[in-house]
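Q: Please take a close look at a single helix and at the contacts that its residues make. I would like one connected account, with the cut-offs spelled out.

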Amino acid sequence: MTPANGAAAPEAVAEAALAPEVESEADAFQRQVDDLVAKTDVLERRVNEVVDFYDGKKQGSGGRKGGRHGAYGRGMPDIMRQFGVILREITDDNDAWPFREPVDVVGLNLHDYYKIITKPMDFSTIQNKMEGKDVTTYKNVREIYADVRLIFANAMTYNDDENIVHLLAKSLLEKFEEKWRQFLPKVESEEKRQKEEESKGVVATNTSREAAIAKLAKDTDEELNQINKQLEELRKMVVNRCRKMTTDEKRKLGAGLCHLSPDDLNKALEIVAQDNPSFQIKAEEVDLDMDAQSETTLWRLKFFVREALERQANAASGKMDENAKRKREICNALAKTASKRIKKQP
């Protein structure tokens, strides 16, 4: 995960900056980074849920009617999100390629498809229904489960047993059913909880929903603060374990900074300012003393500069390839025109 300011990822800094004799500590650091990335992904989904809710309120909807992460049935957003992970795993499977989009009946000349398959289904349609982009939406997880099974049932119904699509559908269905069996206890537990609430006359109102969202926002903020503290601890660990950059490396780093684009140079200077608040980024002339910078700043700069220069080189190479292609097209067109003129001459 690359920070918003374009700085090199912490795991990249650790990989090259940590001394070889502390490899086990580097592995521990990597595991902590992976754990923080996973937590950040979860928190991002929570933030999106909060944003979607208040966006819906502004539009006068009184709550969510869809959004980036699902038009969830009342009271079941968490279980829906958890099931969404399973759905992504199946959708991303290498064997899922025939089922990600609607069947191209016209392009494949499947004239009898709609006579045999009365209710077509595919993963993109399921995703649209979950995100509220379709006319209909899902009320609970079991409805999504039924549609996923329908995808594979349709494929096995229309295609012969030996057909590759039939075989892929059968294989994926087995994988999906196994994941569903493991997930089912959570679904049943949530359904039981909902029935108990309904039997007690608990009604989910806009007020209670807003209170739940407010609590979610508060909890998310606290967890984000905790992650920031963990990141700061990891940063300190890296600083303590960083080897000193050599004079030659500093010289090459300074030369690399001179070749950055204006935007990337500003980002590089922001990295310096993060560890040195008195550093003037906006000054007309910036005097950057490499020897005065901390080791962590130097290493962050090194990896940022390397990545930025690689991006610039790739962009320049792509532009050169495009220009060469254009020149070939022009030359070919001119050659054809010249050939036609020669043929026309008596």
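A: What follows is a description of helix H6 and its contacts. This is a predicted model, in which local features need pLDDT of at least 70 and side-chain atom pairs count only at pLDDT 80 or more, while totals for chains, interfaces and linings use all residues. Residues are numbered from 1 along each chain as its sequence is written, and side-chain values use heavy atoms, with hydrogens and water left out.

Helices here are DSSP runs (H or I, at least four residues), numbered from the N terminus. Helix H6 covers residues 141-158, and its 18 residues should span 26 Å at 1.5 Å a residue, which agrees with the 26 Å between its end C-alpha atoms; the expected span is 1.5 Å times one less than the number of residues. At the start of H6, the backbone nitrogen of Arg 142 has a side-chain oxygen of Asn 140 within 3.1 Å.

Among the buried residues of H6 are Val 141, Ile 144, Val 148, Leu 150, Ile 151 and Phe 152, and also the polar Asp 147 and Asn 154. Buried means under 20% relative accessible area, exposed over 50%, and partly exposed in between, with a 1.4 Å probe and protein chains only.

Asp 147 is also linked with Lys 119 and Lys 129 in a network of salt bridges, each being a side-chain nitrogen of Lys or Arg within 4 Å of a carboxyl oxygen of Asp or Glu. Arg 149, which counts as partly exposed at 35% relative accessibility, meets Glu 177 in a salt bridge of 2.5 Å, N to O. Because Arg 149 lies in helix H6 and Glu 177 in helix H7 (residues 164-199), the pair ties together parts that are 28 residues apart in sequence. Glu 177 is buried, with a relative accessible area of 13%.

Technical notes: Helices (H or I, at least four residues) and strands (E, at least two) are DSSP runs, numbered from the N terminus. A polar contact is a pair of N or O atoms within 3.5 Å; within protein, one must be able to donate a hydrogen and the other to accept it, and residues adjacent in sequence count only if both atoms are side-chain atoms.
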